Amino acid sequence: MSGTGQDFSIRQARPEDADTLAALGARTFDETFGHLYAAENLESFQRENHDRQVYDRLLTSDDCHVLIAEAPDGTMAAYAVAGPCGLPVDEPGPNDIEIKRLYVDRPFQNSGLGRALLEPLLEWCEAREPSGLYLSVYAHNHGAQRLYRRYGFDKVKEYEFLVGEHRDPEFIFRKQ
């Protein structure tokens with residue numbers, strides 16, 4: 001099922017994509033990080049972050065941008081979200097933007113799809129001339145950190161990311 005990022009079509013998400021986005025987000029998070037958490041913490045996190053209503057809000061917000069990558073057969077393979085920064089950054093600016101999610105379904109990982117989604121997402125962000133462009137990444141997700149560094153992001157802060165009541169070490173990166 002893998003290919004290259006060029007084998008996929010990228011489009012802006014639509015309101016009717018909410019259910020598929022919610023399912024993909026929950027599954028991808030669970031497959032990648034679920035083993036780290038007690039069931040009640042994972043369930044709480046999934047309800048708060050990957051419920052259909054969360055995606056309904058993202059898809060109807062004028063301040064958010066959601067991109068989807070589809071495989072040639074129409075399967076949603078990945079998605080990315082950017083919007084107003086909600087991270088605990090030092091000296092927040094009036095127009096800070098955060099890359100909130102970049103999720104690639106397991107069968108499509110290592111196909112160049114992360115880059116294929118990140119580049120148009122960054123174009124959208126930079127067209128808004130943000131005072132700061134941020135993202136957060138799990139401290140032990142070295143592959144994602146390498147990807148973000150290739151695009152000019154560097155670690156500016158550490159904080160604790162809550163998954164239910166579990167606290168994870170997380171890094172805040174800012175595009176330099």
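Begin by selecting strand β5, residues 133–138, in this predicted model. The strand is mostly covered, with five of its six residues buried.

Next, add strand β4, residues 97–104, to the selection. Strands β4 and β5 run parallel and are joined by three bridges. To locate the pairing, display I99 in β4 together with L135 in β5, since these two residues stand opposite each other. Then follow the chain out of β4: the path passes through helix α4, residues 113–127, before it enters β5. This β-α-β crossover is right-handed.

Now turn to the other pairing of β5 by selecting strand β7, residues 166–175. Here the sense is antiparallel, and five bridges connect β5 with β7. S136 and I172 offer a point of reference, for I172 in β7 is the bridge partner of S136. While the side chains of these strands are displayed, a general rule may be kept in mind: in a regular strand, side chains alternate between the two faces of the sheet.

The last stop is the largest pocket, whose volume is about 1300 Å³. Which residues should be selected to find the centre of this pocket? Choose R101, L102, Y103, N141 and Y148, which are the closest to the centre among the 45 lining residues. With β4 still selected, note that this strand gives the most to the lining, contributing seven residues. Finally, colour the whole lining by residue class: 23 residues are nonpolar, 13 are polar and nine are charged.

Terms used
Residues are numbered from 1 along each chain as its sequence is written. This is a predicted model: local features need pLDDT of at least 70, side-chain atom pairs count only at pLDDT 80 or more; totals for chains, interfaces and linings use all residues. Side-chain values use heavy atoms; hydrogens and water are left out. Buried means under 20% relative accessible area, exposed over 50%, partly exposed in between (1.4 Å probe, protein chains only). Helices (H or I, at least four residues) and strands (E, at least two) are DSSP runs, numbered from the N terminus. Two strands pair if DSSP finds at least two bridges between them. A crossover is right-handed if, with the strands pointing away from the viewer, the path from the first strand over the helix to the second runs clockwise. On a 1 Å grid over the protein atoms alone, a cavity is a set of points where a 1.4 Å probe fits but cannot get out, and a pocket is an open set with protein on both sides within 12 Å along at least five of seven lines; lining residues have an atom within 4 Å of a point. Grid points are joined across faces, edges and corners, and a volume is the space filled by probe spheres set on the points. Ala, Val, Leu, Ile, Met, Phe, Trp, Tyr, Cys and Pro count as nonpolar, Asp, Glu, Lys and Arg as charged, and the others, Gly among them, as polar.
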